[in-house]
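Ready for a few warm-up exercises? Have a look at the model first, then try each task before you read the solution.

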Amino acid sequence: MTKVFLKKKIQNRVLLGHPWIFGNEVGQIDGEVNPGDIVDVFTHTGVFVGRGYINPQSQILVRLLTRDKNEQINDGFFLQRLQKAWDYRKKIGYVENCRLVFGEADELPALVIDKFNDYLVIQTLALGIDRWKPAIVAALEKIFSPKGIYERNDVPVRELEGLPQQKGFLSAPFDTNIILKENGLKFHVDIVNGQKTGYFLDQQDNRRAIQHIVKGANVLEAFCYTGTFSCHAAHYGAKSVLGLDISENAVATARRNAELNGLQDKCEFQAVNAFDQLKQWTKEDKKFDVVILDPPAFTKSRENIQKAITGYKEINLRGMKLLKPGGFLVTASCTNLVDPSMFLETIHLAAKDARKKLRQVTFMTQAQDHPILWNIENTTYLKFLIVEVQ
Ligand code: SAH
């Protein structure tokens, strides 16, 4: 097997448990480098560090799959890792719908698997893991005997690995318009055309967090996608709910979701640009009791962090201005590079500019089935804040 030796002077990151090895951290390579192959990694003095897959086309040269020298990477390895990920979800109580595999947090770098009751949706985001797709699918068949498995690899990040964007069935074809249950509600999920894997499981705990503050309230949800927070708000007793999303498709599904739950009389959805609409309503002095904001990631690159922060500040400032005194702002950020303290600081600055006082109700993160590893930065990617605004 090809041997990769780390440079003498590297950051402790890898030795402390981070599975990524960048090209500039590698001193010498003994043996052939075939993109996607499994290699062994050693310190400069020859101490075994771990075993993982290599791709010279990627900035992340090696991603480690194991630190156990006796563990071989084969079909059985994937069966065992997937079983472990499933056992963990069961242990913490995420059984029906869950992010079954959350990449590095499940020691399966660049692999994402969402379980929507009897269906599984997969993303293999690096060459070295993509190679093992047949083994992964076989393992999933064995553990779950699912009604269907689908690949949502239509993701630009794959191109950095020299992989094509693609989507399709990894099992016998099935009806990809499914319904899942969450918190006592039902939601349509379009596995083929929905965003990401079709549904945002990472907000499943946070959707419950609005239960009390929406009672009797007039609620505005901007960036509502398929109306999951809106339907929760109506279900928990809101007087009226208005959801906005730029995507006509998302809005159409949001309407169907409200109907599916018998909440259509309370819910209205509009396909508009939320930035423009919120700006206009601020001018018109329109007011709500609760404003919910869950925009898409504003940046994926470090150069644009400042731009993302400006975006968060603007949208939250408008949200605050649209609230009656004592109203609640429910605000989220899924931008990985904007860390929790940066996000809170941005909300603080928005409040200052809007001349509002904030009282924190709760500050949460992604649902528990998206584990956070303390030795890997940026795994706390979702920020979810509820504040009372005076
Ligand atoms: N809260 C949702 C997820 C929201 S994802 C859930 O839990 O399921 C972000 C949404 O913002 C996407 O649906 C996207 O279509 C929408 N979006 C992006 N830019 C927008 C804009 N300028 N105005 C309104 N919606 C926008």
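**Exercise 1: two unusual backbone angles**

Asn183 sits in the loop between S12 and S13. Keep in mind that this is a predicted model.

Task: work out whether Asn183 is buried, partly exposed or exposed, and say what stands out about its phi.

Solution. Start with the surface. The relative accessible area of Asn183 is 22%. Buried would need a value under 20%, and exposed one over 50%. So Asn183 counts as partly exposed.

Now the backbone. Most residues other than glycine have a negative phi. Asn183 is not a glycine, yet its phi is positive, about 50°.

Glu107 makes a good second case. Find it in the loop between strand S7 (97-102) and strand S8 (111-116). Its phi is also a positive value, near 55°, and at 37% relative accessibility Glu107 is partly exposed.

**Exercise 2: a pocket and its lining**

Task: find out which elements supply at least two residues each to the lining of the second largest pocket, and which one gives the most.

Solution. First, get your bearings: the pocket has a volume of about 270 Å³. It is lined by 17 residues, and closest to its centre are Asp190, Asn193, Gly194, Asn249 and Thr253.

Next, go through the elements. Strand S12 (177-182), strand S13 (185-190) and helix H6 (248-260) each bring at least two residues to the lining. H6 comes out on top, with four.

Last, sort the lining by character: ten residues are polar, five nonpolar and two charged.

**Exercise 3: around the ligand**

Task: name the residues closest to the ligand, then look for side chains with a polar atom close by: what are the distances for Gln195, Arg207 and Asp294?

Solution. The ligand is surrounded by 18 residues, and Gln195, Arg207, Asp245, Ala274 and Asp294 are the closest.

Take the ligand's oxygen atoms next. One lies 3.0 Å from an N or O atom in the side chain of Gln195. For the side chain of Arg207, an oxygen atom of the ligand is 2.8 Å from an N or O atom.

Then turn to nitrogen: a nitrogen atom of the ligand is 2.6 Å from a polar side-chain atom of Asp294.

**Exercise 4: an enclosed helix**

Task: why is helix H5 (residues 228-235) described as largely enclosed by the rest of the structure?

Solution. Count the buried residues: seven of the eight in H5 fall in that class, so the helix is largely enclosed. The seven are Thr228, Phe229, Ser230, Cys231, His232, Ala233 and Ala234. After H5 comes Gly237, with a positive phi near 105°.

**Exercise 5: two aspartates and their lysines**

Task: which lysine side chain does Asp289 contact, and which one does Asp285 contact?

Solution. Begin with Asp289, in strand S17 (residues 288-293). Its side chain makes a polar contact of 3.1 Å with that of Lys324. Leaving out residues up to four places away in sequence, Asp289 also touches others, including Gly216, Asn218 and Phe328.

Asp285 belongs to the loop between helix H7 (274-283) and S17. Its side chain is in polar contact with the side chain of Lys287, at 3.5 Å. Asp285 is exposed, because its relative accessibility is 52% and the cut-off is over 50%.

Technical notes
Residues numbered from 1 in each chain as written. Predicted model: local features only at pLDDT ≥ 70, side-chain atom pairs only at ≥ 80, totals over all residues. Heavy atoms only, no water. 1 Å grid on protein atoms, 1.4 Å probe; cavity = no way out; pocket = protein on both sides within 12 Å on 5 of 7 lines; lining within 4 Å. Points joined across faces, edges and corners; volume = space filled by probe spheres on them. Nonpolar A, V, L, I, M, F, W, Y, C, P; charged D, E, K, R; others polar. Near = heavy atom within 4 Å. Polar contact = N/O pair within 3.5 Å; in protein donor to acceptor, adjacent residues only side chain to side chain. Buried < 20%, exposed > 50% of the residue type's maximum accessible area, 1.4 Å probe, protein only. Contact = heavy atoms within 4.5 Å.
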